[in-house]
Amino acid sequence: MIVGPGVTFGFAGLLVALALLTHAADATGPGFSTAMPVGGLAVLWFLLRGARVLSIETVVLGVTVFAADLILGSEPDLAAAMAGAVVVQTLVTVVLLRRWCSGLWGCGGDRPLDRPRVLARYGAALALGMAVGAALATVGWTLLADHTTDLGGALWFGRSLCSTLVVVTSGLLVGERVTSEPPRPRLLSGATWFELLAAVAFTVGMYVVAFWFEQLPLAFPLVAASVWFGLRFSTLLSAVHSLLVGTATLALTVRDIGPFAAVDHTSVGYLLAEFYVATIAVTGLGLSTGRDEREALAAELRRTQEEAEYQASVREAVIGSMNEGLFVLDDQGAVLLHNPAAAEIFGIAEDVMTREALVARSDRWADGTPLPDAERPSSRALAGETVRDVEILVSPGSDLPDRVVSVSAIPLPRDSSRGRARALVLFRDATTEHARREELAAFAGVVAHDLRNPLAAIDGWTEMIADELDSGGLDAQLAREFVSRVRSSSRRMRELIRDLLAHATSSSRELDVARVDVAELVAEVAAARHAEKHVSCRAVPPVLADDVLIRQVLDNLIGNALKYVAPGVEPCITVRGCPHPPGFVTIQVVDNGIGIPTGEEDAIFDEFHRAHYRDYEGSGLGLSIVRRIITRHDGTISARANPDGPGSVFEFTLPAYDG
Ligand code: ADP
């Protein structure tokens with residue numbers, strides 16, 4: 001139901017009023033049926049009310065048409081038959097419309113009549129419904145009327161068809177427009193008010209000419225006005241135009257005016273007028289719905305184009321801002337698409353990006369061995385294979401270092417016009433990652449080796465203890481010796497594991513910076529190592545650092561300074577600091593030890609690098625931990641020979657505390 005029940009009585013009243021008017025005008029005979037738009041009004045009423053077969057509307061319509069026919073002088077039995085024909089015709093039409101045009105406003109949907117295909121189904125539903133009504137009326141007349149009306153069935157059909165075409169169409173279009181959400185399509189479509197005035201004037205002029213010179217069959221130029229409305233104005237205006245000129249045509253014809261009334265046989269004249277109205281209605285609607293459809297398609301096309309342009313700009317922005325390199329190439333070697341990152345990683349100018357240039361700069365695997373063309377990720381993807389994270393070496397040239405690049409390649413759908421295979425190649429700089437992995441592998445190798453040595457020693461010594469026990473001659477002195485060696489090996493293992501843990505936490509621990517008094521930490525470290533008399537600390541400006549990590553730094557450096565002294569030499573360690581460079585404090589740990597072999601001042605900071613591995617025990621991790629901690633504080637560290645005597649100077653910087 002679209003409108004309230006009051007409308008039922010409105011329509012019923014309208015039908016009775018029309019009958020009374022017709023009666024008052026004394027226009028009985030075929031003229032009455034020609035003028036009365038019963039068919040259209042009834043269908044529109046049922047559609048708006050959402051009426052069912054068994055409903056109050058069916059009853060009211062039947063009673064109203066029966067009463068109207070009685071008013072107009074029909075016999076009761078004939079009036080009942082005609083009422084039945086109108087009810088059946090209305091129900092059939094409404095059911096067909098709901099079934100065939102379910103998307104249309106009033107027929108179950110919410111769209112206006114704006115597609116020629118829907119118009120065709122709509123017209124077919126109306127024609128079929130009216131044909132059923134005409135057939136029933138003809139049967140009624142044949143059985144009940146004293147005399148059969150000439151062309152009665154055809155007139156009924158024509159009258160009902162043109163009344164439904166103009167009344168129902170206008171009603172549904174107005175209803176849809178009134179109830180739809182703004183913004184609504186323009187009533188004038190592409191035309192102007194001036195053009196509308198001109199079209200109205202043309203219509204009036206044409207009708208005056210056609211109906212004035214009624215002896216001349218001048219009906220055909222009238223179609224031009226409907227064509228004008230159909231081509232230039234909205235479907236709604238075109239339908240209203242058909243409604244107005246249709247009503248005028250029929251009204252004038254009934255009054256015996258105009259070209260249709262001039263036909264010898266009155267019924268034939270009426271019939272012609274009815275079919276003329278149906279024709280102009282269909283012509284106008286056909287043209288305007290065709291135009292609506294074209295406009296909708298054009299709007300859709302515009303929308304799609306805008307959307308495509310938007311998508312392309314988003315894609316371009318995404319591709320352009322990616323850190324990963326990307327290119328698309330085809331099996332003919334053309335680079336169809338690439339992004340700035342790709343050009344940068346390969347060191348190729350954006351405008352000379354060709355497959356040859358790419359191949360020339362990436363012809364080796366990450367380990368430096370040659371990369372055959374067939375095994376290139378792009379070649380494999382062009383052959384239909386998906387390749388993930390393959391590492392190759394890229395030489396960008398112009399003295400830039402080689403880079404390890406991790407490449408993935410995906411086959412794309414073939415180019416539809418030329419049938420070429422295409423592939424998307426994505427790559428990212430994996431140089432650091434690769435170096436880290438290599439480092440980690442080396443690290444793991446050294447750790448395994450350093451742990452295996454003391455373990456082998458433990459195995460060996462315990463085996464010897466077992467052998468001695470088996471032979472029953474293990475003397476206490478020997479046993480003590482063996483056990484002490486086992487304990488020394490296990491201590492080395494424990495120290496290595498401790499250093500490994502410290503190494504791991506030196507980079508993973510979250511920095512918790514605050515004011516740190518270096519002299520205080522030095523005193524703590526010295527006390528913990530029972531070396532107070534060997535360690536002295538001069539004034540050091542406060543630093544902004546993580547005290548736990550800085551304690552670890554000082555412990556490593558002081559521990560080394562105490563360890564790396566010549567036998568018999570009393571260690572003497574001095575820690576001092578000065579506020580330099582700006583924003584930083586430079587701290588020096590000076591010792592009187594054996595010194596660092598020349599040329600190894602930098603290498604001793606690498607993991608596992610040990611300059612004095614023959615005579616001193618150690619893991620080779622302490623200084624790498626120190627360097628990592630200092631670097632995390634944005635500082636630097638270096639080592640050199642002590643300029644004031646034997647030993648070394650370890651010098652590092654930390655951010656100054658300026659609170
Ligand atoms: P570790 O002391 O466990 O061997 P480190 O990383 O602490 O490992 O030190 C690396 C190497 O640097 C040591 O093996 C040693 O050769 C050298 N070294 C460190 N500190 C000193 C120092 N104060 N004097 C002389 N050599 C040192």
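This is a short talk about one sheet, one buried serine and some aromatic rings in the structure above.

Okay, hi everyone. One thing before we start: this is a predicted model, so keep that in mind as we go.

Let's begin with a sheet. It's an open one with 5 strands, and if you walk across it the order is E8-E10-E11-E13-E12, with mixed pairing. Which strands sit at the edges? Those are strand E8, residues 535-537, and strand E12, residues 637-641, and each of them pairs on one side only. If you ignore direction, neighbouring strands in this sheet are turned by 20° against each other on average.

Now zoom in on one pairing inside that sheet. Strand E11, residues 584-590, and strand E13, residues 648-655, run antiparallel and share 7 bridges. To find one of those on your screen, look for Phe584: its bridge partner in E13 is Pro655.

Helices pack on this sheet too. Helix H17, residues 518-528, touches E8, E11 and strand E10, which is 573-578. The direction of H17 makes about 170° with that of E8. Then there's helix H18, residues 547-563, lying across E8, E10, E11 and E13. Against E13, H18 runs at about 175°.

Right, on to another set of strands. Strand E4 is residues 387-394, and 6 of its 8 residues are buried, so E4 is largely enclosed by the rest of the structure. What does E4 pair with? With strand E3, residues 364-365, it makes an antiparallel pairing over 2 bridges, and there Arg364 stands opposite Leu393 of E4. E4 also pairs with E5, again in the antiparallel sense, over 6 bridges. In that pairing you'll see Glu391 opposite Ser406 in E5.

Stay in E5 for a second, because I want to show you Ser408. Strand E5 covers residues 403-412, and Ser408 is in it. Is Ser408 buried or exposed? Its relative accessible area is 11%, and the cut-off for buried is under 20%, so Ser408 counts as buried. Who's around it? Not counting neighbours within four places in sequence, Ser408 is in contact with Val387, Arg388, Asp389, Leu424, Val425 and Leu426. Asp389 deserves a closer look: its backbone nitrogen lies 3.1 Å from a polar atom of the Ser408 side chain.

Last topic, aromatic rings. Searching the whole structure turns up 14 aromatic pairs. Let me show you Phe346 and Phe427: the ring centres are 5.1 Å apart and the planes are at 80°, so this pair is edge-to-face. Phe346 is in helix H12, residues 340-346, while Phe427 is in strand E6, residues 422-429, so the pair ties together parts 81 residues apart in sequence. Both rings belong to buried residues: Phe346 has a relative accessible area of 4%, and Phe427 has 2%.

Next, Trp461 and Phe482. Here the centres are 5.4 Å apart with the planes at 35°, so the pair is tilted. Trp461 lies in helix H15, residues 431-471, and Phe482 in helix H16, residues 476-508, so this pair links parts 21 residues apart in sequence. Phe482 is buried, at 5%, whereas Trp461, at 21%, counts as partly exposed.

Two quick extras before I stop. Phe11, Trp45 and Phe46 form one aromatic cluster. And Arg159 lies over the face of Trp156, 5.0 Å from the ring centre.

That's me done, thanks!

Notes. Residues are numbered from 1 along each chain as its sequence is written. This is a predicted model: local features need pLDDT of at least 70, side-chain atom pairs count only at pLDDT 80 or more; totals for chains, interfaces and linings use all residues. Side-chain values use heavy atoms; hydrogens and water are left out. Two strands pair if DSSP finds at least two bridges between them. Helices (H or I, at least four residues) and strands (E, at least two) are DSSP runs, numbered from the N terminus. Axes are lines fitted to C-alpha atoms, for helices over the stretch in contact, and angles run from 0 to 180 degrees between N-to-C directions. Contact means heavy atoms within 4.5 Å. Buried means under 20% relative accessible area, exposed over 50%, partly exposed in between (1.4 Å probe, protein chains only). A polar contact is a pair of N or O atoms within 3.5 Å; within protein, one must be able to donate a hydrogen and the other to accept it, and residues adjacent in sequence count only if both atoms are side-chain atoms. Rings of Phe, Tyr and Trp (its six-membered ring) pair if their centres lie within 6.5 Å; planes under 30 degrees apart count as stacked, over 60 as edge-to-face and the rest as tilted. A charge sits over a ring if NZ of Lys or CZ of Arg is within 6 Å of the ring centre and within 35 degrees of the ring normal.
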